[in-house]
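Okay, let's get started. I'd like to walk you through one model today, mostly looking at how its helices pack.

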Amino acid sequence: MSLDQINEVINIKLTMTEFADAMGMQPSAVFVQNVFLLADRDKNNCLSFEEFFHLFGILIKGTAEQKGRLLFNIYDPRNVGYLTKDEFYKMIKSLLDLAESSDLTEEAIKDLVHSMYSHVGLTANQNISYEDFRKIFCAKEYSATLHDATIISQAAKHVPFKPGARGDNRRNTFISNYNSKNETSSNASKTFLNHRDSALLREYVITKREYPGTPFAKRYYKVSRYFNRYRWQIFWCTLYTLVTIGIFVERAFYFARGREHAGLRRMSGALVTAMIRGSASVLMFTYSSLLVTMCRNMITALRETFLHRFIPFDSAVSFHKYIAVLAMIGTIVHLVTHGINLYCMCTQTTTSINCFFGEYYTDSHSFATFHFWAYQTITGLAGVLVTVFIFVIYVFATRFSRKHVFKSFWLTHSLYWLVYILTFLHGVGRLVQAPLFAWYLIGPLILFVLDRLQSISRNRVEIAVKEATALPSGVLRLVFKRPSTFNYKSGQWVRIACKDLNKDEYHPFTLTSAPHEPFLSLHIRAVGPWTTNLRQVYTSHVNEGSPLPNIFLDGPFGEGHQDWYSCEVAVLVGGGIGVTPFASILKDIAFKSKSGIQVTCKKVFFIWVTRTQKSFEWLVDLLRSVEAADVKGIVDTHIFVTQFQQRYDLRTTMLYICERYFQKVEGQSLFTGLKSVTHFGRPNFEDFFAAIASEYKEVSQVGVFSCGPGPMTSNVQSACNYMNGLIGPTFSHHFENF
């Protein structure tokens, strides 16, 4: 930077509006105005470089004491050395308004102010001095958090922090406020994990983590743990792949060597013939197998038997995708080699073609063209059509298509039966051999048809909707009649169709009702065309006072979340509307706890990650009822509010201190009224899992169940992978994305 540029920077002066923009806030904010007035020492209504630098010097390098003094001065613009009770109340209220919580009442704020006054020995009419202010906000238990706080500023993110400097350690103080580094490992983890009454904060430490010896031993241990965790998935995928390869090799060898005098072999050569016939058999095998992976009712029933110990039924959809990949590889190989074969056929004389293919005869003396073989024979036309349709299905089955044009995905997959009909017709020409597809298809087809008949027997019955409620954040709550034969477990899901939309278009949703309840309920967020239309349909009927449209119900179906009860320790992680699978589970736990029903699961940690709890107030009400019914203290809840973009700004730090202080005094969260802990920012799953591993060393496996956005479940998976590389319990992750 040149000397002129340096002088230009030094001579810059910020107005109130420019300063507010640098902080990422509105100029009308009281906090901005007070900070500006405090920093403007020469009172010229502008901030010079020196004044700005002095302010940020304290915020970046200042001690907890200096930052506490700065915060006090911000709310003491008159510089009289004290705050009246009314000024102190307004300060606390302005901080708490950041949470945007509808559960935050005036009474709660007054109780907080009163308890803070009582803590420092002040009466209701006294002013609060800096010494009193320091006893509350600069107390030893909060000093590390305040020490690492900065200011909410767009400019602050450009301030360089050297590796190993204090700035790098902020992550382990504020956002990981549940880490209490001053406690011993065992005592802290017990505080966090066990006794709610004796430790309301239930904070945990970053425990000492045991690595298995040398770097090679670490790698070997991590790989072995991975294979042990996914041993059955690996086994069945490997077995299926070997069978597929075996079918390809056997058919390829047979047609290349065993039938070397056959017409196709003589015309196209050994290699092309081997690839054509090997890939054809692979296609028949894989496309038939796909039907088995879609037998939802059969899979749900079998996962309740002893077979679930050897067959990973929850991986059926993933296995379906894996088979589809193998099928696409076979399709491409078959397509390319058939292209070569068609070239060979188009260059043969009519006499040679009549000789090569016994099922084909023509008395024409002209060469048969590509168009003739592709479009004027049943074998060629069916092959072209099925190939085009398969590629269309694959395109609309991609994640992007499912997210943006789900109806196209649903429509193309609903026409799956065309693939099987066209594939069968492709072989009835008998140019090479008698049709074999029926022999591959008959077994899977019988299972699939029986499974579909079971679904049809249920989903053609109209179910009356008793209640429809439009909740904040585009969520629709549906309560409908429970069929007398409908038995399910918490965590299972159903497929529904709406009579007013399309009775044949089904969409999957997890039940939010518990098995002991006499009705069924769903919480559906409007995130796509169908769910948006569904919400509009029911909202309009409610507003008009007309009868609610009936639905068609198919299910229940099983998935990984329903296995929470089989784990001694379970961790439930929900992000946004992804908490719906756990609503049913939490209500089920509370009911069994209150009823004295014994469950294998001894401890359940529920982590709710949400931008603001205001978005899902229905869950706060549910958690409140769960806390009241959970007499055994099985459920331990932690709420992470992620709406604060700058996690370490001074105001959010004070907000955190207010929350912790109120929880310590009143035994409940200031913002939600729950006994659960409210954190600000995103959870550090590695630290969380490390604390659990430290406390429950005798447990061989910890079940982790997550549902939410892809990035969140990926973070959970990464944390599980990290923990599985250490000595301790295996963290088994089951997840669903939306």
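**Helix packing around α22**

Let me begin with helix α22, residues 417-427, where Val 419, Tyr 420, Leu 422 and Thr 423 are buried. Keep in mind as we go that this is a predicted model.

So what covers the buried residues of α22? The cover includes α14, residues 270-293, α19, residues 378-396, and α23, residues 437-459. I'll take α19 and its partners to begin with, then come back to α14 and α23.

Quick reminder on the vocabulary: two packed helices get described by the angle between their axes and by the distance between those axes. For α19 and α22, the packing angle is about 155°, and the axes are 8 Å apart. Anything over 145 degrees counts as roughly antiparallel, and therefore α19 and α22 are roughly antiparallel to each other. As for handedness, α19 passes α22 in a left-handed crossing.

Who's actually in that contact? On the α19 side you've got Ile 378, Thr 379, Ala 382, Gly 383, Leu 385, Val 386, Phe 389, Ile 390 and Ile 393. They meet Leu 418, Val 419, Leu 422, Thr 423, Leu 425 and His 426 of α22. By class, this contact of α19 with α22 has 11 nonpolar residues, 4 polar ones and no charged ones. Note that Val 419, Leu 422 and Thr 423 were among the buried residues of α22 I listed at the start.

Next partner. α19 also packs with helix α21, residues 406-414, at an angle of about 145°, with the axes 9 Å apart. The crossing of α19 and α21 is left-handed. From α19, the contact takes Phe 389, Val 392, Ile 393 and Phe 396; from α21, it takes Ser 408, Phe 409, Thr 412 and His 413. The split there is 5 nonpolar, 3 polar and no charged.

Back to α14 and α23, then. How are they arranged? The angle is about 5°, and the axes are 8 Å apart. That makes α14 roughly parallel to α23. The α14 residues in the contact are Ser 281, Met 284, Phe 285, Ser 288, Leu 291 and Val 292, and α23 brings Phe 437, Tyr 440, Leu 441, Pro 444, Leu 445 and Phe 448. In classes, the contact of α14 with α23 comes to 10 nonpolar, 2 polar and no charged residues.

Now a geometry check on α7, residues 106-119. At 1.5 Å a residue, its 14 residues should span 20 Å, and the end C-alpha atoms are 20 Å apart, so the two agree. Its buried residues are Ala 108, Ile 109, Leu 112, Val 113, Ser 115, Met 116 and Tyr 117. After α7 comes Gly 121, with a positive phi near 80°.

One single residue to look at: Phe 689, which sits in helix α28, residues 685-695. Buried or exposed? Phe 689 is buried, with a relative accessible area of 0%. Leaving out residues up to four places away in sequence, Phe 689 touches Val 571, Val 704, Val 716, Ala 719, Cys 720, Met 723 and Phe 731. Take Val 716: it is 27 residues from Phe 689 in sequence, and their C-alpha atoms are 9.7 Å apart.

Last, the overall numbers. The protein has 29 helices and 17 strands, and 50% of its 738 residues are buried. Of the contacts with a separation of 6 or more, 73% are between residues 24 or more positions apart. That's my tour, thanks.

Notes: Residues numbered from 1 in each chain as written. Predicted model: local features only at pLDDT ≥ 70, side-chain atom pairs only at ≥ 80, totals over all residues. Heavy atoms only, no water. Helix = DSSP H or I, 4+ residues; strand = E, 2+ residues; numbered from the N terminus. Expected span 1.5 Å × (residues − 1). Buried < 20%, exposed > 50% of the residue type's maximum accessible area, 1.4 Å probe, protein only. Contact = heavy atoms within 4.5 Å. Axes fitted to C-alpha atoms, helices over the stretch in contact; angles between N-to-C directions. Parallel < 35°, antiparallel > 145°, perpendicular 65-115°, else oblique. Left-handed = near helix turned anticlockwise from the far one by under 90°. Nonpolar A, V, L, I, M, F, W, Y, C, P; charged D, E, K, R; others polar.
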